[in-house]
Amino acid sequence: MRLAGDILLLIGAGFAFLGALGILRMPDVYNRIQAGTKAVTLGALAFLVGIGLLEPGWWAKLVCIGGFVLFTSPVSSSAIARALYIS
């Protein structure tokens with residue numbers, strides 16, 4: 001389990017890096033929002049699963065955090081895109 005947890009932590013770090021790179025490299029604000037939201041959400045979930053494999057006693061907390069991330073990330077990106085479109 002230690003190896004699988006470490007691999008998932010590396011995958012999460014890779015997705016977080018790619019999300020940050022997408023925010024810097026995308027030409028349009030809407031593309032930046034999408035790149036940041038999709039990649040960073042997947043990276044955060046990979047982090048949480050990796051931590052769950054390394055620390056099995058934390059699953060309940062990690063599931064709550066994962067649900068919060070899955071709920072708030074798309075809502076916040078939609079709100080930012082709508083505010084940008086209106087302005």
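## A three-helix model seen from helix α2

Thr41 counts as buried, because its relative accessible area of 12% falls under the 20% cut-off. The model in which this residue sits is a predicted one, and Thr41 itself belongs to helix α2. Not counting residues up to four places away in sequence, Thr41 touches Gly36, Val69, Leu70 and Ser73. Its C-alpha also lies 9.0 Å from that of Pro74, although Thr41 and Pro74 are 33 residues apart in sequence.

**Overall architecture**

The protein contains three helices and zero strands, and read along the sequence it follows the pattern α-α-α. The C-alpha trace spans about 45 × 25 × 10 Å along the principal axes of the protein. Of the 87 residues in the protein, 23% are buried. The exposed surface amounts to about 6000 Å², and carbon and sulfur atoms supply 75% of that area. Among the contacts in the protein with a separation of 6 or more, 67% are accounted for by residues 24 or more positions apart.

**Helix α1 and what packs against it**

Helix α1 covers residues 2–25, and its end C-alpha atoms are 34 Å apart, which agrees with the 34 Å that its 24 residues should span at 1.5 Å a residue. Gly5, Gly12, Gly19 and Gly22 are buried in α1, and the buried residues of this helix pack against α2. An α-helix has 3.6 residues a turn, so residues three or four places apart point the same way.

Two residues of α2 illustrate the contacts with residues of low sequence number. Phe47 has its place in helix α2 and, apart from residues up to four places away in sequence, touches Leu8, Leu9, Gly12, Ala13 and Ala16. Gly12, one of the residues in that list, is also one of the buried glycines of α1. Phe47 itself has a relative accessible area of 30% and is therefore partly exposed, that class lying between 20% and 50%.

Ile51 is likewise found in helix α2, and at 27% relative accessibility Ile51 counts as partly exposed. With neighbours within four places in sequence left aside, the contacts of Ile51 are Leu9, Trp58 and Leu62. Leu9 therefore appears in the contact lists of both Phe47 and Ile51, while Leu62, another contact of Ile51, is one of the buried residues of α3.

The table sets out the C-alpha to C-alpha distances of three residue pairs, each with one partner in α2.

| Residue in α2 | Partner | Separation in sequence | C-alpha to C-alpha distance |
|---|---|---|---|
| Thr41 | Pro74 | 33 residues | 9.0 Å |
| Phe47 | Ala13 | 34 residues | 7.5 Å |
| Ile51 | Leu8 | 43 residues | 8.4 Å |

**Helix α3 and its pairing with α2**

Helix α3 has 28 residues and reaches 40 Å from its first C-alpha to its last, close to the 40 Å expected at 1.5 Å a residue. Helix α2, formed by residues 29–54, and helix α3, formed by residues 59–86, pack at an angle of about 175°, and their axes are 10 Å apart. Because angles over 145 degrees fall into that class, α2 is roughly antiparallel to α3. Sorted by class, the contact of α2 with α3 has 19 nonpolar and six polar residues, and no charged residues.

Buried residues of α3 are Leu62, Gly66, Val69, Ser73 and Ser77, and what covers the buried residues of this helix includes α2. Two of them, Val69 and Ser73, are among the residues that Thr41 touches.

Ser77 offers a view of the pairing from the other side. Ser77 lies in helix α3, and at 12% relative accessibility Ser77 counts as buried. Once its neighbours within four places in sequence are left aside, Ser77 is in contact with Ile33 and Thr37.

Taken together, α2 is the helix against which the buried residues of α1 pack, and α2 is also part of what covers the buried residues of α3.

Notes. Residues are numbered from 1 along each chain as its sequence is written. This is a predicted model: local features need pLDDT of at least 70, side-chain atom pairs count only at pLDDT 80 or more; totals for chains, interfaces and linings use all residues. Side-chain values use heavy atoms; hydrogens and water are left out. Axes are lines fitted to C-alpha atoms, for helices over the stretch in contact, and angles run from 0 to 180 degrees between N-to-C directions. Helices (H or I, at least four residues) and strands (E, at least two) are DSSP runs, numbered from the N terminus. Angles under 35 degrees count as roughly parallel, over 145 as roughly antiparallel, 65 to 115 as roughly perpendicular and the rest as oblique. Ala, Val, Leu, Ile, Met, Phe, Trp, Tyr, Cys and Pro count as nonpolar, Asp, Glu, Lys and Arg as charged, and the others, Gly among them, as polar. Buried means under 20% relative accessible area, exposed over 50%, partly exposed in between (1.4 Å probe, protein chains only). Contact means heavy atoms within 4.5 Å. The expected span of a helix is 1.5 Å times one less than its number of residues. Accessible areas come from the Shrake-Rupley method with a 1.4 Å probe; for residues, only the protein chains shown count as cover.
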